[in-house]
Amino acid sequence: MVEASSRSEIAARAGDRQIVTILFADVVSSTKLTANLDPDDIRELMDHATAVMASAVRSYDGAVVRFQGDGIEAVFGAPRPAEDHAVRACLAGLAIQKAFAANALSGLPPGASPKDLLRAQLKVRVGIHSGLVIAREVNSDLGGGLDMLGATVSLAALAEKICPAGAVTATEATADLAGAFLEARPFNAAGHELSSQYNFVEVLGVNLSAPALARDLFVGRIDEQQMLLRALDEAAQRGRIVALVGDPGIGKSRLSSEIARSAAARQIPHHQIRGLSLMQATPYAPIPAFLGALLGIADRRDGQSAARAAANLGLTDTETAGLIELLAMQSEPRASRIAADGQEHSDVLQEAFSAVVAKAWGQAPALLVIDDIQLLDAETVACLRRLARQIGDSRAFILVNGRPESRDIMRRMTAEFIDLRPLGKDHLLELVASLAPHIAEDGELANRVAERSGGVPFVLEQILRAMSRQGASFDDRILPTNVESIILARLNRLSGEAKHFAQLASVLGEESDYPLLRCAAAPSLGDPERCVKELVEAGFFVPVAADTVRFKHALIRDACLDSIVRPERQRLHARMLDCFQEQYASLSPYFEQLAYHAEGAGRDDLAVEYLWSASKNAARNSAVHSLEILLERAMACCQRLGAAGEKREVDFVLLAFDALQQHGKLMSVVPRLGRTADLAAQQGRKDKECLARAHLATVLWFQAQHHDGRKLAERAVDLAREIGALPALLHTQFTLANLRIGCGDIPGAIALLRANIELLSGDLERASLGAVGLPSVMSRSFLGWYLTDQGRLSEAAETIERAVAVADAVGRPYPRVLAHLSRGRMLYERGDYGGAVDRLTEVRDWCWQHRIYAMEPAVTGLLASALCRTGAASAALAATEASIAKEFYRGAARMACFYLFAGHGEALVGCGQPERGAAVIAKAVRETETPYDPCLCVPGHILAGQISCAAGDFERARPEFGRALSVALAIGMVPGAARAYEGLAECSREAETHLFRQNAEAAARLYRQCEMAVPPALC
């Protein structure tokens, strides 16, 4: 390591993150070749070798980063941006090998010097890789230059290391970016470092005339297609030019190829002129090939063939000379512009071009497709403009397409424009079904993929391709490399101020307030309006409206954000924090955004406070999805803060629990509860420890682990009594009551709930005391449920009606759902099935409306059972299947799941599917046995027995009723025991009269005890 005192410190100007292609080339076995040479001779030999390499790199607009003894490192795509940097690098690699191969084959004169002999023996290896780097300028005591940082450089060096002498090896990433232009074959890199993690190819060639890969399926452009076909028909009377304008990948070329296919079906001759970034510096680049195809001249350098074609067309001598010159032009890619000789001579060539094309077309219909006009060289564009001026005298149709930035070029050719908009969702899903049927089967996943594509077919295809390599996994921030590469190349072609403005906007988000952005841009950017105008024209922004700036696609925003190096990003986030303070008097609506910027600025302490405020707002507004995201962000911040964040960690988890439980999202917070309780205990915060342990007990209740949960809840109750906190005592006793029910202790549960109600007299009856629900309503609703289980229906009705009255008066959704659910269930137990249907239907609607998903399965299951008893089994089946499809039962308590599947089984039986229905009910009953839940076991076995009875299978029904009876009598479920006796009576009605009478009398006695009507069949 060089000490700073011995030389000036290296100064590196932070650059941007860019996607580029790195090329390494070096001489094979140079040490062996030069072992006996004088250093001057070695220098001369290596200078020759590296000069050949550098010349090939520069001819394709690459830049040599450094010379490394016997080789070079080069970069394509920086500092000069190029979307086709991978193609350029492959062409340069092939050119290097071609130059050294030509040198070896050229032959040596007799008596050639040893140095000449060595030069002829030189062989090189070339390795290429494309990926993300930080491109920065470095200044040191030894000079300045461009430096590339990132794993991309190391992988390019690896590709060179494994490359055989005389070959070009590239990674799969480079092959993907080069696309259809590249001719390559797989390369076996077995045994080499990292070879198992990366795929390599051997580059065989580059075909610049290769057609772009097109989908077989054509979707979503029917209106535009019909417009163009009508224009093609009308051109048969008078020539027409129509321009297609759209963002990269939007489908311009695909639509153009469809029109060309239609023209071919109509036997209309058609030709194509295609713009290529590689050829932009080459005057008249596509003209020779186009004219050769138009005139049927195979050898364009054959002057006699050209002269015969000119004579056939009746060209003048000047036009003939221009045609011959145009046909003979070199069309090799060039690194810099080489203008035609003089404006006057250019006019002659352009006039010759338009004359040749016009006369070749004559008065016959013809189609010319000009693809990507923004990539054509200036001379070709001038030729096409000249041709456009006389199109009306022909019967030809010219279809030209280009990106938004080429609109001015096309406007000089035509006034007819068709703007291609993003594809609609239905068409995107049709593409997904065509390209990835296995993904289309998952409707939610397909929708997310379609949304991420921004309506751009090319982006959709690349996302699906990336997913195929990741095992169909999907990330909402997925950004395929080739898509990002195109965006970053376009970003780097902007003016410096516009580029910085786009990066600044990306830090704010996909959409931002223009005044805030203007504040952040000052004083470094003098004219934000000009920047916005440039970005709108370049297709980065949509036009400013109502003081809002919005990126055209989320992908563009993500790519711009990804281009910013970390220190600069942190600085911009810090600047945004200041701007929020300057721009807004109240920060309340912006807590989440402020937290995002604080995180980005590395201010986790400040981020935690903003996240706390945002989380309280989300919990208050039942914004559950936002709350989940905020919780994850808060936990990450707290973890980075270490001990300083542990207190807030406890607060966040406890804040989130109630809201997430209500919406069936408990698993987002459950893994954190144990640590939360331990942290609270360590911090001496007994109130928080009490709450955390009560929440853990609630989770165990949901999971039917009643005995373990009961122990936790009892500890929580002791803590609540110790600290004398009424809210904590109410919550812990309520939780313990539910766990006692699961253990079969109905009297114990009732006693705890009555104790809660006694504590909630007067004004406290309507107080929330920090809970999501109202403690008095929750306690009364569950007490009414459990009194109903005991057959104390008068007490249950009085308790439930008071719960309903308080809940309705306060008007909060969650308490209303609980109170009215308890009322609906009591109506069902009393046999008022019509009343139960009306009540439970309304409660289910509230669940959907207010997203109270934890209770929805129980509501729907009980509703289905009531519907079946009113003869509406088909409606019951539809309701339960809709609920099951939503999968909210996965986040609900086991009790809710039981009622849902019991109702589903009844509905199946009622709809003529007895075997399937019996199987569903049997599964629901088995789940009440493991772990054992006596209060659910009773209705489960009764239902299973009733289904078997209805099928006439009394042998199977009898043990079901017997099991239900023994459990019901043991825990005091009087109505359950009555129904079990009734079932046993039905099983013995025909064969065993005395048993029938005995069971019927027992059932009738218990029904009367419950003040319930005795079924006529028992009389």
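Welcome to this structure, and let us start with one residue: Arg 844 is partly exposed, with 21% of its relative area accessible. Its side chain meets that of Asp 845 in a salt bridge, at 4.0 Å from N to O. Please keep in mind that this is a predicted model. The notes below visit salt bridges, a small sheet, a pair of packed helices, a buried serine and some backbone details.

**Salt bridges**

- The structure holds 67 salt bridges, and the pair of Arg 844 and Asp 845 is one of them.
- Asp 845 has a relative accessibility of 39%, so this residue counts as partly exposed.
- Another salt bridge links Arg 710 and Asp 745, whose closest N and O atoms are 3.8 Å apart.
- Arg 710 sits in helix α31 (residues 706-723), while Asp 745 belongs to the loop between α32 (726-742) and α33 (746-759), so this pair ties together parts that are 35 residues apart in sequence.
- Both ends of that link are partly exposed: Arg 710 has a relative accessible area of 22%, and Asp 745 has a relative accessibility of 24%.
- Asp 953 and Arg 956 also form a salt bridge, with 3.7 Å between the closest N and O atoms.
- Here Asp 953 is partly exposed at 29%, whereas Arg 956 counts as exposed at 56% relative accessibility.
- Elsewhere, Arg 452, Arg 477, Arg 557 and Asp 558 are joined into one network by salt bridges that share partners.

**A sheet of three strands**

- In this open sheet the strands follow the order β14-β16-β15, and their pairing is antiparallel.
- The edges are formed by β14 (511-513) and β15 (541-545); each has a single partner strand, so one side of each is left without a neighbour in the sheet.
- On average, neighbouring strands of this sheet are turned by 15 degrees against each other, direction ignored.
- As a general point, strands of a sheet pair through backbone hydrogen bonds, in either a parallel or an antiparallel way.
- Between β15 and β16 (residues 548-551), which run antiparallel, there are three bridges.
- Val 542 has Arg 550 of β16 as its bridge partner.

**Two packed helices**

- A pair of packed helices is described by the angle between the axes and the distance between them.
- For α32 and α34 (residues 775-790), the angle is about 15 degrees and the axes are 11 Å apart.
- Angles under 35 degrees count as roughly parallel, and α32 and α34 are therefore roughly parallel to each other.
- Their crossing is left-handed.
- On the α32 side, the contact is made by Leu 730, Phe 734, Asn 738 and Ile 741.
- On the α34 side, the residues making the contact are Pro 775, Met 778, Ser 779, Phe 782 and Tyr 786.

**A buried serine in a loop**

- Ser 563 lies in the loop that runs between α23 (554-562) and α24 (566-583).
- With a relative accessibility of 2%, Ser 563 counts as buried, because buried means under 20% relative accessible area.
- Leaving aside residues up to four places away in sequence, Ser 563 touches Asp 16, Arg 17, Leu 488, Leu 491 and Gln 503.

**Backbone details to look for**

- A cis peptide bond runs from Ala 78 to Pro 79, with omega near -5 degrees.
- Pro 79 can be found in the loop between β3 (71-76) and α3 (85-105).
- The peptide bond from Thr 930 to Pro 931 is cis as well, with omega near -10 degrees.
- Look for Pro 931 in the loop between α41 (914-929) and α42 (934-950).
- Ala 704 is not a glycine, yet its phi is positive, at about 65 degrees.
- This alanine, Ala 704, lies in the loop between α30 (686-702) and α31, and at 2% relative accessibility Ala 704 counts as buried.
- Glu 1011, also a residue other than glycine, has a positive phi near 60 degrees.
- Glu 1011 is in the segment after α45 (993-1009), and with a relative accessibility of 61% Glu 1011 counts as exposed.

Technical notes
Residues are numbered from 1 along each chain as its sequence is written. This is a predicted model: local features need pLDDT of at least 70, side-chain atom pairs count only at pLDDT 80 or more; totals for chains, interfaces and linings use all residues. Side-chain values use heavy atoms; hydrogens and water are left out. Helices (H or I, at least four residues) and strands (E, at least two) are DSSP runs, numbered from the N terminus. Buried means under 20% relative accessible area, exposed over 50%, partly exposed in between (1.4 Å probe, protein chains only). Contact means heavy atoms within 4.5 Å. Two strands pair if DSSP finds at least two bridges between them. Axes are lines fitted to C-alpha atoms, for helices over the stretch in contact, and angles run from 0 to 180 degrees between N-to-C directions. Angles under 35 degrees count as roughly parallel, over 145 as roughly antiparallel, 65 to 115 as roughly perpendicular and the rest as oblique. A crossing is left-handed if the near helix is turned anticlockwise from the far one by less than a right angle, and right-handed if clockwise.
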